[in-house]
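Biologist: Hi! Could you walk me through this one? I'd like to begin with the surface and then get to the charged side chains.
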Amino acid sequence: MALQLAPLLGTAGVVIAAAAGPLVTGAVQNRRDARLAADLTRNLDLLEKLRGYEAGTWDAEVHQLDVLVRIQLAAAAARQKTYVEQRRSWSNLGAVLMVLSIALPLLWLLTLPGSWWSWVIFTLLLILTLILCGIGLHQTFRPPADAPLDAAAA
């Protein structure tokens, strides 16, 4: 029984990891954006305070902080532009689910005989399935520029 379940659990783990990868990346990205916004707000407040002192006291620091604020503003603008232009093609995810619905039962059936030829076919089908799922997930979250947008993508 363990010989039959191990390949299937391995396959399921790879597919789950591939599907959950964008979710984890998105959570980390949101944290970076929040930190950038907080740093920018703090630096703007500090810049206003330093400019409130008499002339010549903090000129070098004000210039350095001004450069830093400009860099942070450019980074924030670039991230917002990326969010505005973000595209998804959910039909490709449907294709991935169709490939999995066909491949997983076949993979299960190939584990049952337990002979060498079934494991060879199992390995080839597993590699093909992983490649197709990887391409489909990539096309879902990073579609080509000329691909039509799905209605739910915006």
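Biologist: Which residues make the nonpolar surface patch?

Modeller: Keep in mind that this is a predicted model. The patch is made by Leu5, Leu9, Ile102, Leu106, Trp108, Leu109 and Leu112, and it covers about 640 Å².

Biologist: Which helices supply at least two residues each?

Modeller: Those are α1, spanning 2–52, and α3, spanning 90–111. The largest share comes from α3, with four residues.

Biologist: And where does Leu109 sit?

Modeller: Leu109 is in helix α3.

Biologist: OK, new topic: charges. How many salt bridges are there?

Modeller: The count comes to four. As background, side chains of opposite charge can pair when their charged atoms come close.

Biologist: Let's pick one. What does Arg42 pair with?

Modeller: Arg42 forms a salt bridge with Asp39, and their closest N and O atoms are 2.2 Å apart.

Biologist: How far apart are those two along the helix?

Modeller: They are three residues apart in helix α1, so about one helical turn separates Arg42 from Asp39.

Biologist: Is Arg42 buried or exposed?

Modeller: Arg42 counts as exposed because its relative accessibility is 51%, and the cut-off for exposed is over 50%. Its partner Asp39, at 23%, counts as partly exposed.

Biologist: What about Arg51, which side chain does that one meet?

Modeller: The side chain of Arg51 meets that of Asp66 in a salt bridge, at 3.5 Å from N to O. Arg51 lies in helix α1 and Asp66 in helix α2 (residues 59–84), so this pair ties together parts that are 15 residues apart in sequence.

Biologist: Are those two buried or exposed?

Modeller: Arg51 is partly exposed, with 45% relative accessibility. Asp66 has 18%, so it counts as buried, since buried means under 20%.

Biologist: Which other side chain does Asp66 meet in a salt bridge?

Modeller: That would be Arg70, at 3.3 Å from N to O. Asp66 and Arg70 both lie in helix α2, four residues apart, which is about one turn of the helix. Arg70 is exposed, with a relative accessible area of 55%.

Biologist: So which residues do the shared partners join into one network?

Modeller: Arg51, Asp66 and Arg70. You can trace it on the model: Asp66 has a salt bridge with Arg51 and another with Arg70.

Key. Residues are numbered from 1 along each chain as its sequence is written. This is a predicted model: local features need pLDDT of at least 70, side-chain atom pairs count only at pLDDT 80 or more; totals for chains, interfaces and linings use all residues. Side-chain values use heavy atoms; hydrogens and water are left out. Patches are made of residues with over 30% relative accessible area and no salt bridge: like charges are joined within 9 Å, nonpolar side chains (Val, Leu, Ile, Met, Phe, Trp, Tyr) within 5 Å. Accessible areas come from the Shrake-Rupley method with a 1.4 Å probe; for residues, only the protein chains shown count as cover. Buried means under 20% relative accessible area, exposed over 50%, partly exposed in between (1.4 Å probe, protein chains only).
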